Amino acid sequence: MTEQSKNFWAGVRAEIPLLIGVFPFGMIYGALALNAGLSNLAAQMMSSLVFAGSAQFITTQLVHDATPGLVIILTIAVVNLRHMLYSASLAPYLASLSMRWKILLSYLLTDEAYAPSILHYEKVGSQPFSHWFVLGAGLVLWTNWQISTALGIFLGKAIPDSWSLDFALPLTFIAMVVPVLKNRPMIAAALSAGVVALVAYPLPYRLGLILAALVGIVVGTLLEKNK
Amino acid sequence: MNIWLVMLLGGLITFGMRFSLIYLFGRFQVPEGMRRALHYVPPAVLSAIIFPELFLRNGEFNVTLDNHRLLAGLVAVLAAWFSRNTLLTIIIGMLALLLLQVLG
């Protein structure tokens, strides 16, 4: 086996435990996207155009609530800002690659591909072919996401409206937010954002959402500083 | 705005974030203040979405027992707190809502 394929398959193997966790969410996303009114094709294409789990769930919720496009895009930008951190953290290891490789690996740089990749780099350092590891991890995750989305779209059609499937979205967000409420600044960020979202709800274009998110971020950051 | 345009621009922005510092390596670093603020993005954005979904019914503030989504949401908060399991939280929350709808 060449060094390239050895690294590639090591990346695939490192990703497999994560795939098991991600697969049901691809399915849930696919089913919910239909429920929110997206076409089959749009629901499927979002998984390759955006290719970011939490942003896709949030976009689905906002489409369901008839949010203006610009506000959706702004929300996606805020939610995905964290990817700049991943980008910064992998940058030194990818510095010598060609522009094509940098573009390809950036496209594949999700939370779940970043985690095994950075662990790998921290263990072995920058080897001549270690970018193939990132490719393996990213590509198998990408494939898994497309297949699970398609399956969710397929199964979503069979679920009756009376099941209130749209409620699974806020439930997903609850499941994501509760575990991070570990200290006072985090709790304050969540509560202040939630209260502002309620008070500012009548604002046009659902700008209350953006305002609430910004208030929450500022409150959390300030409280952390004053600790 | 057309959903395709939203997805295309949302995708380009997402790619841009992922590509940004890989591209700019050595020329720009994430400022410490921004690094810290990013920790608060998930609780802030997610709560800003969750609260109206639970507390508002048809745009009106509703904290009565008739608000099934609020009650089921609180059950889900407890489930998430004790289980730390996303799938289990969704299942318990959905069951709570269906049960309330059947009873109510």
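The following conversation concerns a predicted model with chains A and B.

Reader: What elements does chain B contain, and in what order do they run?

Author: Chain B has five helices and two strands. From the N terminus on, the order is α-α-α-β-β-α-α.

Reader: How does the radius of gyration of chain B stand against that of a compact globule of 104 residues?

Author: Chain B has a radius of gyration of 20 Å, whereas a compact globule of 104 residues would have one near 13 Å. The C-alpha trace of chain B spans about 60 × 35 × 25 Å along its principal axes.

Reader: And what share of its residues is buried?

Author: Of the 104 residues in chain B, 39% are buried. As for contacts in chain B with a separation of 6 or more, 25% are between residues 24 or more positions apart.

Reader: Turning to the interface, how many residues of each chain are in contact?

Author: The contact involves 59 residues of chain B and 73 residues of chain A.

Reader: Which elements of chain B give two or more residues to that side?

Author: They are α1 (3-23), α2 (32-38), α3 (41-55), α4 (68-83) and α5 (86-103) of chain B. The largest share comes from α1(B), with 19 residues.

Reader: What is the residue make-up on the chain B side?

Author: The side of chain B that touches chain A divides into 43 nonpolar, ten polar and six charged residues.

Reader: Now chain A. Which domains does the assignment give?

Author: The domain assignment gives domain 1 (3-162) and domain 2 (181-225) of chain A. The C-alpha centres of these two domains of chain A lie 26 Å apart.

Reader: How many residues does each domain bring to the contact between them?

Author: Six residues come from domain 1 of chain A and six residues from domain 2 of chain A. On the side of domain 1 that touches domain 2, the residues divide into four nonpolar, two polar and no charged.

Reader: A different topic: how do α3(A) and α9(A) pack?

Author: Two packed helices are described by the angle between their axes and the distance between the axes. For α3(A) and α9(A), the angle is about 140° and the axes are 10 Å apart. The crossing in which α3(A) passes α9(A) is left-handed.

Reader: Which residues meet there?

Author: From α3(A), the residues A:S54, A:F57, A:T60 and A:Q61 meet A:L169, A:T172 and A:M176 of α9(A). This contact of α3(A) with α9(A) has three nonpolar, four polar and no charged residues.

Reader: What about the backbone at A:F51?

Author: A:F51 has a phi near 45°, a positive value in a residue other than glycine. The residue lies in the loop between α2 (40-49) and α3 (53-64) of chain A.

Reader: Is A:F51 buried or exposed, and why?

Author: A:F51 counts as buried because 22 other C-beta atoms lie within 10 Å, and the cut-off for a buried residue is 20 or more.

Reader: And where does A:S164 lie, and what is its phi?

Author: A:S164 is in the loop between α8 (131-156) and α9 (168-177) of chain A. Its phi is near 50°, which is again a positive value in a residue other than glycine.

Reader: Why does A:S164 count as partly exposed?

Author: A:S164 has 16 C-beta neighbours inside 10 Å, so A:S164 counts as partly exposed. A residue is buried with 20 or more such atoms and exposed with 12 or fewer, and partly exposed in between.

Technical notes:
Residues are numbered from 1 along each chain as its sequence is written. Chains are lettered from A and ligands numbered from 1 in the order in which they are written. This is a predicted model: local features need pLDDT of at least 70, side-chain atom pairs count only at pLDDT 80 or more; totals for chains, interfaces and linings use all residues. Helices (H or I, at least four residues) and strands (E, at least two) are DSSP runs, numbered from the N terminus. Domain bounds come from an automatic or database domain assignment. Two residues are in contact if their C-beta atoms, placed from the backbone, lie within 7 Å. Ala, Val, Leu, Ile, Met, Phe, Trp, Tyr, Cys and Pro count as nonpolar, Asp, Glu, Lys and Arg as charged, and the others, Gly among them, as polar. The radius of gyration is taken over C-alpha atoms; the globule rule is 2.2 Å times the number of residues to the power 0.38. Axes are lines fitted to C-alpha atoms, for helices over the stretch in contact, and angles run from 0 to 180 degrees between N-to-C directions. A crossing is left-handed if the near helix is turned anticlockwise from the far one by less than a right angle, and right-handed if clockwise.
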